[in-house]
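Here are my notes on the model you asked me to look over. I've kept them as numbered points so you can follow along with the viewer open.

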Amino acid sequence: MAKEVKTKKRVVRSYHNLPVELQEELRRQYPYGYTESMIRIDKGPGDFFYGVVLDTEDISYLVKIDVKIDGSAEEEEDKEYYDEEIKGAEEIADDDDAEE
């Protein structure tokens, strides 16, 4: 006899829309956090979200996780590096013009 294969229902849900029981189950399955387990899902050109898989007995959830990407640290480094005027640049340019 052929063994019956039971496929789990697949559901996509936002973390904020999960019932409290499933939020607790997510914490149990990922006791040290789920940052390393997150996957990026591309929805279309320039549109994406991050999610993590939560398996229960009957349903496999893809839980959307709100991720805030902080690019301000890089912007500050760039600002510090590029915003300062190069000291002596005008003098060098003047010397080059005088030689010609």
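1. Which residue takes a positive phi in the hairpin of β2 and β3? That's Gly46, with a phi near 75°, in a hairpin that has two residues between the strands. Keep in mind throughout that this is a predicted model.

2. Stepping back to the whole fold: the protein chain has three helices and four strands. Going along the sequence, the order is β-α-β-β-β-α-α.

3. Now the strand pairing. β2 covers residues 39–44 and β3 covers residues 47–55, and the two run antiparallel with five bridges. Asp42 has Phe48 in β3 as its bridge partner. On to the next pair: β3 is also antiparallel to β4 (residues 59–65), this time over six bridges. Here Asp55 is bridged to Ser60 in β4. β3 and β4 make a hairpin too, with three residues between them.

4. Phe48 deserves a closer look. The charged end of Arg40 sits over the Phe48 ring, 3.7 Å from its centre. Is Phe48 buried or exposed? Neither, quite: its relative accessible area is 31%, so it counts as partly exposed, since that label covers values between 20% and 50%.

5. On aromatics, the structure holds two pairs. In one of them, the ring centres of Tyr30 and Tyr34 are 6.2 Å apart and the planes meet at 85°, which makes the pair edge-to-face. The Phe48 and Tyr50 pair is edge-to-face as well, with 5.8 Å from centre to centre and 90° between the planes. As for exposure, Tyr34 is partly exposed at 23% relative accessibility.

6. Ser14 is worth clicking on. This residue is in strand β1, which spans residues 9–14. With a relative accessible area of 18%, Ser14 counts as buried, because the cut-off for buried is under 20%. Apart from neighbours within four places in sequence, Ser14 is in contact with Val63 and Lys64. Lys64 turns up again over the face of Phe49, at 5.0 Å from the ring centre.

7. Last, some totals. Of the 100 residues in the protein chain, 18% count as buried. The chain exposes about 9100 Å², and carbon and sulfur atoms supply 48% of that area. Among contacts with a separation of 6 or more, 47% are between residues 24 or more positions apart.

Note on methods:
Residues are numbered from 1 along each chain as its sequence is written. This is a predicted model: local features need pLDDT of at least 70, side-chain atom pairs count only at pLDDT 80 or more; totals for chains, interfaces and linings use all residues. Side-chain values use heavy atoms; hydrogens and water are left out. Buried means under 20% relative accessible area, exposed over 50%, partly exposed in between (1.4 Å probe, protein chains only). Contact means heavy atoms within 4.5 Å. Two strands pair if DSSP finds at least two bridges between them. Accessible areas come from the Shrake-Rupley method with a 1.4 Å probe; for residues, only the protein chains shown count as cover. Rings of Phe, Tyr and Trp (its six-membered ring) pair if their centres lie within 6.5 Å; planes under 30 degrees apart count as stacked, over 60 as edge-to-face and the rest as tilted. A charge sits over a ring if NZ of Lys or CZ of Arg is within 6 Å of the ring centre and within 35 degrees of the ring normal.
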